[in-house]
Amino acid sequence: MRSATSPTPTLQERLWSIQARFAPYLFVAPFVVLFCCFLLYPLLRSLYLSAHQTAGQRMASVGLKNFTFLLHDDALGWAALNTVGYTLAFLIFQIPAALGLALLLNSPKVRGRNIFRFAFFAPHLVGQVFVAVIFTMLLNNNGPMNNFLRLFAPMLEIRWFTNMYMARGAVVLASLWLSVGFGMIYFLAALQSVDRELYEASDVDGAGRWAKFWHVTIPGIRPVLQFMILTGTIGGLQLFELPYLLFSGPGPGGAGLTIVSYLYGWIEVGELGTAAATGWLLAAAIIAIAIFQVRVMGGKRAADD
Amino acid sequence: MPFHLGKPILVMMICGIGAGIASRVTMQPDARADLEIWCFSDQNYKAATGRGKLPNNVALREIAERELGKTVSVKLVQFRAMSARLASLFMSNSRGPELPDLVELEVSGVARYFRPTVGEVGLLPLNDLLEKHGWLGKIQERRLASWSKDGVIFGIPMDVHPAMIAYDDVAFRQAGIDLASSKTWDEFIENGLKFQAYWNKPGQRARRAFEMADANATTLVTMLVQRGINVVDQNGGVHLSDEKTIDTLVYYLRMMIGPRSIGFPSSVGNEAFSQDLPAGSVSAFVAPDWRLKYIKDNAPGEYAGRFRMMPLPRWPDSPHRTSTAGGTSVGIPRNVRDPELSFRLLERMYLSPEAITARTGTNYILPAVKAAWANPKWDEPDPYFGGQPVRRLIAGLAPEVPPRYISPASLVAEVQLAMVLVESLSYVRSHPNVDEATLRLKCQALLNDAQERVKRQVAHGSFE
């Protein structure tokens, strides 16, 4: 503490003052350094790359040529259509399935529900590579799934990996198996935080099951629902590993070609500039969709409130 | 004394610190050997290091160390990881000890290295070294095509991979068919149809004769290469819409769908042998030499002795009875410390008689060094293939193997070809009575579009 009789600060006071001024910067420095090295620099570098074409060590500036090429490329259009299709399929099937399971396993009437909860969540722990390997074996021409279906239809020939429509089904199926349990856990947590008194009040008002679900449960879990829709959309738009591993390429008729696998195709032929430009287009699309979703859902909430 | 963050955090911290200390204590010194090899093939790794049960239990590394007076280390790197690491090293113009002295290259991953101009490819041109050390002419010349750009050789092929047909002879004989008598594709189809007519009974799942991909262009490309067509040639010319390509595609479609259909797509991976073969989904396969080991390892035990091998049936306009699929080569990074020493290591590890014996002892892969084809051991009858001298049959076809050219454009073109195949199959399925002329026009239109797309993509990324 500074002495009233000596206006000149002591060395200790000066050191204290310096550390007080710089300590916050030191504390945030590790984060800032890591952020700059591993996020900001790669982002800026990829932006720079997107205006270039690369071949080995050489780079040539091409301005916006990569973007104009991409916007006119049929293959990217196809990949975008596929990606949007997969994203919609995930949202349409994953959210209701996860919510349904959560409602079921939230009920105290279900015996051994902790075992079921773990069983449904377990696929998420093993990751996409493992799931792809399992589904490759499961859905082969003469694999367990087709052999099971042949018990009912002996002449059945479902070609999960070579028919473009069934191939899409295989991706959705594998993805759901992987992600439904994950969504279920979130919904379970949300369901348990819904105020019990609201259910009791609705019982008093004579509300039926559907009315309670629609007017109490859904508003109660809305933040998690919004989160699941948002992360599901982003995850769907970034889909890559599953179709890539299931088909070892774009798949039958390009059924496995997503925007990220299209991007990876440019990396495989050594053209990093077009790959970076594809990445930026995807990022722009994700940001736009996310803002739109947040606005729509935020607007709905405001209207409800 | 209680830990203020709680017991779980304390336990995790103790575990973390313990693991850190343990890994530091047990860490091996990572001193780089004088020479380093990166390989992705487990078989080659075992041959190089003497691990695994190879016939003569030779460790090629030790022989090389003795002869060159240098220490040699061999690293097994997963193929995709190696591809990414090499591309990164080449792009950053790395030099010296960062680079391996020798590196194995796989045909499906090599295209990306060939994107720069010849003078800037990250691999060392090998023409002069091959000539200086007397190897030109001793290696199957056409196999060099896959590893070359504009006549400059960047990889020395380790294999030839002649494609043949492996078939269940017992099942065909039971139907009264000697499949090996099929000299042309037309005869092969006739025999396939007879086979199916014999085996297929109403109310049962159809038994099919021949494995043909309907979702990727693997089998189609093999047939095109046999006919002398590379979808992208050595000069970068795209041949997707050539007359022969259209012909082959139409022929292929007729083999898959309609009254002359004998083809069926098999399962992914080795389930083709372990599941589809016993289920009768397929009874004959296009089999490059590398695939024979997979048949032997995965087909159920009762198939031992039932298989036979035959050359591919001929096209009317091509002399080749074989094609090729897959391939591995060895390259030297351009900025390696001592190219001459690397090449001498390559000779000892990949081209010497000991190296070839060690690598081919447990499989059927024919080496690209022509002198090795004369090995009398290769005349021995193979009980798994009913006493056929399979290796001799493979070697007999090796001089005929057509060249296969690889470039970034060929990767793009093959993807487009696969898309055309799926679309045209879908067209034939929805128009079962389509006549030859209409089908041809449809295929031509699809291939023309695909050719334009390939040209656009190639033009977009062209540095030439």
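**Rings and a pocket in chain B**

Start by selecting B:Trp185, which is buried at a relative accessible area of 1% (buried means under 20%, with a 1.4 Å probe and protein chains only). Before moving on: this is a predicted model, where local features need pLDDT of at least 70 and side-chain atom pairs count only at pLDDT 80 or more, while totals for chains, interfaces and linings use all residues. Residues are numbered from 1 along each chain as its sequence is written, chains are lettered from A in the order written, and side-chain values use heavy atoms, leaving out hydrogens and water.

Now add B:Phe210, also buried at 1%. Over all chains there are 34 aromatic pairs (Phe, Tyr or six-membered Trp ring centres within 6.5 Å; planes under 30 degrees apart are stacked, over 60 edge-to-face, the rest tilted). The rings of B:Trp185 and B:Phe210 have centres 6.0 Å apart and planes at 45°, so this pair is tilted. B:Trp185 is in helix 7 of chain B and B:Phe210 in strand 8 of chain B, so the pair ties together parts 25 residues apart in sequence (helices are DSSP H or I runs of at least four residues, strands E runs of at least two, numbered from the N terminus).

Next, pick B:Phe273 and B:Phe285: with centres 5.0 Å apart and planes at 65°, the pair is edge-to-face. B:Phe285 is buried at 0%.

Then show B:Arg207, which lies over the face of B:Trp199, 4.3 Å from the ring centre (the test is NZ of Lys or CZ of Arg within 6 Å of the centre and within 35 degrees of the ring normal). B:Trp199 also joins B:Tyr167, B:Phe172, B:Phe195 and B:Tyr198 in a cluster linked by ring pairs.

Methods:
Buried < 20%, exposed > 50% of the residue type's maximum accessible area, 1.4 Å probe, protein only.
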